[in-house]
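The following exercises ask the reader to work from the coordinates to a description of charged contacts and strand pairing. Each task is followed by a solution in steps.

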Amino acid sequence: QVQLVESGGGSVQAGGSLRLSCVVSGYTSSRFCMGWFRQAPGKEREGVGSISTAGSRIYYADSLKDRFTISRDNGKNSVYLQMNSLKPEDSAMYFCAAASSDDCYAVSWSMSRRYNYWGQGTQVTVSS
């Protein structure tokens with residue numbers, strides 16, 4: 001059974017940084033397109049970014065690409081989200097997701113329905 005466990009969330013002041021981690025167990029992560037999503041209270045879940053199985057293609061939400069960086073280490077079955085220059089509007093629950101049906105592509109990476117495995121989420125709170 002595939003499980004995803006996120007960690008690294010917490011409270012930080014505006015301008016600070018956090019690094020989220022997601023560990024995949026039950027299957028080798030190198031088979032999955034991996035995505036990061038976030039959801040703030042009262043808002044829809046939105047795609048933060050995704051990284052292809054080999055790490056050769058990385059996609060970001062346009063509004064985040066200058067501050068967020070996604071990486072993966074298939075040897076550790078892990079995916080990471082480095083978040084810099086955090087803003088209060090970045091406060092949300094952050095989710096790691098894995099898609100087994102296909103690799104990540106520009107036209108579909110942000111569609112949450114294509115990801116069939118999800119973690120429980122890790123909370124990020126940014127204070128002003």
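**Exercise 1. The salt-bridge network**

Arg38, Glu46, Arg67 and Asp90 are linked in a network of salt bridges. The model is a predicted one, and four salt bridges are found in the structure.

Task: Determine which salt bridges Arg38 forms with Glu46 and Asp90, and classify the burial of Arg38.

Solution.

Step 1. Take the pair of Arg38 and Glu46. Their side chains meet in a salt bridge with an N to O distance of 2.6 Å.

Step 2. Take the pair of Arg38 and Asp90. The closest N and O atoms of this salt bridge are 2.9 Å apart. Arg38 belongs to strand E4 (residues 33–39) and Asp90 to the loop between E8 and strand E9 (92–99), so this contact ties together parts that are 52 residues apart in sequence.

Step 3. Apply the burial cut-off, which is under 20% relative accessible area. Arg38 has 7% relative accessibility and therefore counts as buried. Asp90 is buried as well. Glu46, at 35% relative accessibility, counts as partly exposed.

**Exercise 2. A second long-range pair**

Task: Locate Arg57 and Asp103 in the chain, and state how their side chains meet.

Solution.

Step 1. The side chains of Arg57 and Asp103 form a salt bridge, at 3.5 Å from N to O.

Step 2. Arg57 is in the loop between strand E5 (46–51) and strand E6 (58–60), while Asp103 is in the loop between E9 and strand E10 (117–118); the pair links distant parts of the chain, 46 residues apart.

Step 3. Compare each value with the cut-off for burial, under 20%. Arg57, with a relative accessible area of 26%, is partly exposed. Asp103, at 14% relative accessibility, counts as buried.

**Exercise 3. The four-stranded sheet**

Task: Establish the order of strands in the open sheet of four strands, and explain why one side of E1 and of E7 is left without a neighbour.

Solution.

Step 1. Begin with strand E1 (residues 3–7). Five bridges join E1 to strand E3 (residues 18–25), and the two run antiparallel. Within this pairing, Leu4 stands opposite Val24, and Gln3 has Ser25 as its bridge partner.

Step 2. Continue from E3 to strand E8 (residues 78–83). Six bridges join these strands, which are again antiparallel. Here Leu20 stands opposite Leu81.

Step 3. Assemble the order. The four strands form an open sheet, E1-E3-E8-E7, with antiparallel pairing. E1 and E7 stand at the edges with a single partner strand each, so one side of each has no neighbour in the sheet. On average, neighbouring strands of this sheet are turned by 15 degrees against each other, direction ignored.

**Exercise 4. A loop lysine**

Task: Decide whether Lys76 is buried or exposed, and state where Lys76 lies.

Solution.

Step 1. Lys76 lies in the loop between strand E7 (68–73) and E8.

Step 2. The cut-off for an exposed residue is over 50%. Lys76 has 57% relative accessibility and therefore counts as exposed.

Step 3. For its position relative to Gly42, use the C-alpha atoms. Those of Lys76 and Gly42 are separated by 34 Å, the two residues being 34 residues apart along the chain.

Technical notes: Residues are numbered from 1 along each chain as its sequence is written. This is a predicted model: local features need pLDDT of at least 70, side-chain atom pairs count only at pLDDT 80 or more; totals for chains, interfaces and linings use all residues. Side-chain values use heavy atoms; hydrogens and water are left out. Two strands pair if DSSP finds at least two bridges between them. Buried means under 20% relative accessible area, exposed over 50%, partly exposed in between (1.4 Å probe, protein chains only). Axes are lines fitted to C-alpha atoms, for helices over the stretch in contact, and angles run from 0 to 180 degrees between N-to-C directions.
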